[in-house]
Amino acid sequence: MSDQFSMFAVIKLAEGSFETFRAMMADPNGVKTTRSFPGNILFEATLDVNDQNTIRIYEKWENKESWDNYMKFRADSGFAAKLMALVAEAPQFFPVALIA
């Protein structure tokens, strides 16, 4: 069995926060930093086409330790706090595994 770790997250943005969120993701400290973080295999952020305030994120990591290190990095750098200022409710995180 693989040690790979995958996470699915749902972020509900506060009304009017989408453009600020998009700018954070486009910034060199956004998606580019996530994708180059040690252990990251895949990071995709998607927009719910029926609700511009709902973002769904799928991440794949070499192992859970890599994801934990990344989450600590984001908290320590202040990025997570900036993101939390844009949300309407706490993000939901779902560890997932491929079945097919």
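This predicted model holds 4 salt bridges. Three of them are set out here.

| Salt bridge | Closest N to O distance |
|---|---|
| Arginine 22 and glutamate 19 | 3.3 Å |
| Aspartate 48 and arginine 56 | 2.9 Å |
| Lysine 72 and aspartate 76 | 2.5 Å |

Let's take these pairs in turn. Arginine 22 and glutamate 19 both belong to helix 1, where 3 residues, about one turn of the helix, separate them. Arginine 22 has a relative accessible area of 44%, so it counts as partly exposed. In helix 3, lysine 72 and aspartate 76 are 4 residues apart, which means about one helical turn lies between them. Aspartate 76 counts as exposed because its relative accessibility is 57%, and the cut-off for that class is over 50%.

How buried or exposed are the partners in the remaining pair, aspartate 48 and arginine 56? Aspartate 48 has 19% relative accessibility and therefore counts as buried, since the limit is under 20%. Arginine 56, with a relative accessible area of 30%, is partly exposed.

Now to the nonpolar interior. In soluble globular proteins, nonpolar side chains tend to be buried together. Here the largest nonpolar core has 15 residues, and among those with the most contacts inside it are Ile11, Phe21, Met24 and Ile55. Strand 1, helix 1, strand 3 and helix 4 each contribute at least two residues to this core, and helix 1 gives the most, with 4 residues. A second, separate core has 6 residues, including Phe5, Met7, Phe37 and Trp61.

Isoleucine 55 is a good residue to look up in the structure. Leaving aside residues up to four places away in sequence, it touches Ala9, Val10, Ile11, Leu13, Phe18, Phe21, Thr46 and Leu47.

Finally, the pockets. The largest pocket has a volume of about 300 Å³. Which residues lie nearest its centre? They are Ile11, Tyr70, Met71, Leu83 and Phe93, out of 19 that line this pocket. The lining is made up of 15 nonpolar, 2 polar and 2 charged residues. Helix 4 supplies the largest share, 4 residues, while strand 1, helix 1, helix 2, strand 3 and helix 3 are among the elements that each give at least two.

The second largest pocket holds about 190 Å³ of space. Of its 10 lining residues, Ser2, Gln4, Val96, Ala97 and Leu98 are the closest to its centre. By class, this lining has 6 nonpolar, 3 polar and 1 charged, and strand 1 and strand 3 each provide at least two of its residues.

Methods:
Residues numbered from 1 in each chain as written. Predicted model: local features only at pLDDT ≥ 70, side-chain atom pairs only at ≥ 80, totals over all residues. Heavy atoms only, no water. 1 Å grid on protein atoms, 1.4 Å probe; cavity = no way out; pocket = protein on both sides within 12 Å on 5 of 7 lines; lining within 4 Å. Points joined across faces, edges and corners; volume = space filled by probe spheres on them. Nonpolar A, V, L, I, M, F, W, Y, C, P; charged D, E, K, R; others polar. Core = buried A, V, L, I, M, F, W, Y, C linked by side-chain atoms within 4.5 Å. Buried < 20%, exposed > 50% of the residue type's maximum accessible area, 1.4 Å probe, protein only. Contact = heavy atoms within 4.5 Å. Salt bridge = Lys/Arg side-chain N within 4 Å of Asp/Glu carboxyl O.
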